[in-house]
Amino acid sequence: MNRFAIAILKPLLLAALLLSTAVEAQFPPGGGGGRQRGGEGPGKSRPERAPDSTPAVRTSPASDPIAAIHRELPSLRIDMKITGEQVAAWNAFAATVRQINDIVQTRIRRESAARSSDAEPVPIPAFIDILIDEESRRLDAMRELKARVGALTETLNPEQRRMFDRRIAQSQREPLGN
């Protein structure tokens, strides 16, 4: 992937992640699953919401771009025939991809636990702080990934670069495990 494409994709991915987090927080999947919320009792009903014509944006493990790259790493390293001098750059790149994937997986586990828990909810200021921390850690790691990709691509020969670009793009269109 050339530097121009990376420069354009990174802000778009961040915006999509932020939007999906906001939408997910506002409209959890299943609309509450029949649970009663707030002061609503069995005899009270909420006014119906008009259906939104635009589908909600969700980031699931299957659709996360970094998770797709993460699943591609083992076979990509073999197929690219990473050589001795390229190993350090590859390992740094792969470690950063794993770090970002771990951040996403931690968020998914937190969201899942919050949906299935009957525990007292976290006060909204603390909840916002948690979201800010997660997003900040991911953004910092994404910036590091950009540097790692740059360092790695500098070590690759033209054939390896073409394969790297093609396989990363393919991982976004056709993620493994879907």
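Two residues are in contact, or touch, when heavy atoms of each lie within 4.5 Å. With that in hand, welcome to a predicted model, in which local features need pLDDT of at least 70 and side-chain atom pairs count only at pLDDT 80 or more, while totals for chains, interfaces and linings use all residues. Residues are numbered from 1 along each chain as its sequence is written, and side-chain values use heavy atoms, leaving out hydrogens and water. This briefing follows helix H5 (residues 158–173) and the helices it meets. Helices here are DSSP runs of H or I with at least four residues, numbered from the N terminus.

**Arg167 in H5**
- Arg167 sits in helix H5 and touches Glu72, Ser75, Leu76 and Asp79, leaving aside residues up to four places away in sequence.
- Arg167 counts as buried (under 20% relative accessible area, with a 1.4 Å probe and protein chains only) because its relative accessibility is 10%.
- Its side chain has polar contacts (N or O atoms within 3.5 Å, one able to donate a hydrogen and the other to accept it) with the side chains of Ser75, at 2.9 Å, and Asp79, at 2.6 Å.

**H2 against H5**
- Two packed helices are described by the angle between their axes and the distance between the axes.
- Axes are lines fitted to C-alpha atoms over the stretch in contact, and angles run from 0 to 180 degrees between N-to-C directions.
- Helix H2 (residues 65–80) and H5 have axes that come within 9 Å and cross at roughly 145°.
- On the H2 side, the residues making this contact include Glu72, Ser75 and Asp79, and on the H5 side they include Met163, Arg167 and Ile168.
- The contact residues comprise eight nonpolar, four polar and three charged; Asp, Glu, Lys and Arg count as charged, Ala, Val, Leu, Ile, Met, Phe, Trp, Tyr, Cys and Pro as nonpolar, and the others as polar.

**H4 against H5**
- The axes of H4 and H5 are 8 Å apart, at an angle of about 140°.
- Val149, Leu152, Thr153, Glu154 and Thr155 of H4 meet Gln160, Arg161 and Phe164 of H5.
- Three nonpolar, three polar and two charged residues make up this contact.

**Phe164 and the core**
- The largest nonpolar core (buried Ala, Val, Leu, Ile, Met, Phe, Trp, Tyr and Cys residues joined through side-chain atoms within 4.5 Å) has 22 residues, and Phe164 is among the five that touch the most other members.
- H2, H3 (87–116), H4 (124–155) and H5 each give two or more residues to this core, with the largest share, seven residues, from H3.
- Beyond four places away in sequence, Phe164 touches residues including Leu76, Trp90 and Val149.

Note on methods. Buried means under 20% relative accessible area, exposed over 50%, partly exposed in between (1.4 Å probe, protein chains only).
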